[in-house]
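Subject: Structure handover, aromatic contacts

Hi,

Here is the structure for you to look over. Please open it before reading on.

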Amino acid sequence: MFALVTGVLVALIQREGIAMGSGGQVFALALGAFVLALVAGLVTMELMRRPMRELAHQTRNVVRDTSRRVSILERDPGNELHELTEWVNFLAEDADRSHTALARERVLLSSVAEGLTQGVIAVDGEHRIELLNDAARKMLGVTSTPVGEPLIEFVRVPAVFDLVDGNEAATVEVQLPNGPRTLIRVANRWGGDGRVLLLEDVTTVRRLETVRRDFVANVSHELRTPVAVIRANAETLLAGAKDDPVMGPKLIDGLHRNAERLARILADLLDLSRLDAGQYRMDLSPVAVKAITLQSLTAVETQATAREVTIEVEIADALMVKADPKALDQIFVNLIDNAVKYTRAKGHVWVAARVEGDNVRIEVRDDGPGIADKHRERVFERFYRADPSRSREAGGTGLGLSIVKHLAESMGGAVGVEPNTPNGSIFWLKLPRSTTA
Ligand code: ADP
């Protein structure tokens, strides 16, 4: 192009020089200078456009991928593009840092949300799910990650919708369909028009509250009768019956029996509370099963003799378990005492033990009336009695078997009950076998 313009210029000067003499020469020179300036400008513009185009191209790439940089800087230092290039790279670095920080925060947020035992759901202004953690998925029985789906498809509880629809922070307790009893707190999201739901499984808490309420009611009920008898007897004695040779001793005997009953209930309650609080110190050591059994029998002898119940012990002398001797004695006294108490008069009780793998199975068997199927699974519950009047009449507190279960499990063992054939019950206890003496 430069050669073409120069050719045209030379031709013009030659033509004008012939036609116009010296005035024409001045014009030709001015025209020549103008054209030269124009050409130089065009050339400079062309030289500038190329790096500008490259800068635009590289900037586009940087916008698409902020980890990239504009490299034109090194090739053209000192140019005006230098500063522009620097700024583009600076902005890219800044955006890159923000992206990395954002990604790290997202990972942190999702790992915190996934690690929570509480369910977390975040919805946008149109109640579409934006976040749903693992705990929430489990509570709702959802196997996918339904981000972008309407919440209504996954929580079909009208009370929850009323809350999500509102603008206030609020709480509701609901039974999720095929899920747990759940406390749901709904709050507004910061800096957005969506809502956040926190879901807490309260099944265990509510069950424990019921257990505690029932326990308090049962204790009050158990204490009420002996306390009422003691009060009535004392009042009658004070009113003059103490001088009555027939009534006096009877009332005093009633006082004594009910005071004993109160003492038994309180002792059992104390044992249970110590076991619950983990304050019952277990010293596990090798214990000879037969020796402890024979020691326990002394506590039930009087009752067995009174009811003419025979007790047979079929245990090898060398059989050892890993147990706390005091706890094991308490278990045996409870089980053998029950067998003597609930079997028929002149009945039989057998205490036997045998090795079963790494354990020893100890059985207390009787030939009494046994326990009906519907009661059998529940006799280890606190205050549960298969035959309440029989138990009270025999001086039972309804707590013995629950203590037995607690003690056995605290020693790494287990207990259970099975029907005996042809009649009666078999209470069994499994404990880890000890081979060291
Ligand atoms: P209790 O103080 O009433 O004996 P336990 O917890 O020891 O309380 O026993 C719970 C209930 O289990 C008893 O009330 C009784 O109904 C039943 N039971 C326990 N052992 C026997 C047994 N050997 N035969 C029949 N019933 C039994």
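Below are the notes on ring pairs and on charges over rings. Keep in mind that this is a predicted model.

Ring pairs

The count comes to three aromatic pairs. Among them is Trp87 with Phe90. The geometry is edge-to-face, with 90° between the planes and 5.5 Å centre to centre. Both residues belong to helix H3, which covers residues 80-115. Trp87 and Phe90 are about one helical turn apart, because three residues separate them in that helix. Phe90 has a relative accessible area of 41%, so it counts as partly exposed.

Another pair is Phe215 with Phe383. The centres are 5.7 Å apart. The planes are at 40°, so the pair counts as tilted: neither under 30 degrees nor over 60. This pair links distant parts of the chain, 168 residues apart. Phe215 sits in helix H6 (residues 203-238). Phe383 sits in the loop between helix H10 (373-376) and helix H11 (388-393).

Are these two rings buried or exposed? Phe383 is buried, at 9% relative accessible area. Phe215 is partly exposed, at 24%. The cut-off for buried is under 20%, so Phe383 falls within it and Phe215 does not.

Charges over rings

Phe215 has a further contact: Arg382 lies over its face, 5.6 Å from the ring centre. Elsewhere, Lys430 places its charged end over the ring of Trp428. The distance to that ring's centre is 5.5 Å.

Best regards

How values were computed: Residues numbered from 1 in each chain as written. Predicted model: local features only at pLDDT ≥ 70, side-chain atom pairs only at ≥ 80, totals over all residues. Heavy atoms only, no water. Phe/Tyr/Trp six-rings, centres within 6.5 Å; stacked < 30°, edge-to-face > 60°. Helix = DSSP H or I, 4+ residues; strand = E, 2+ residues; numbered from the N terminus. Buried < 20%, exposed > 50% of the residue type's maximum accessible area, 1.4 Å probe, protein only. Lys NZ or Arg CZ within 6 Å of the ring centre and 35° of its normal.
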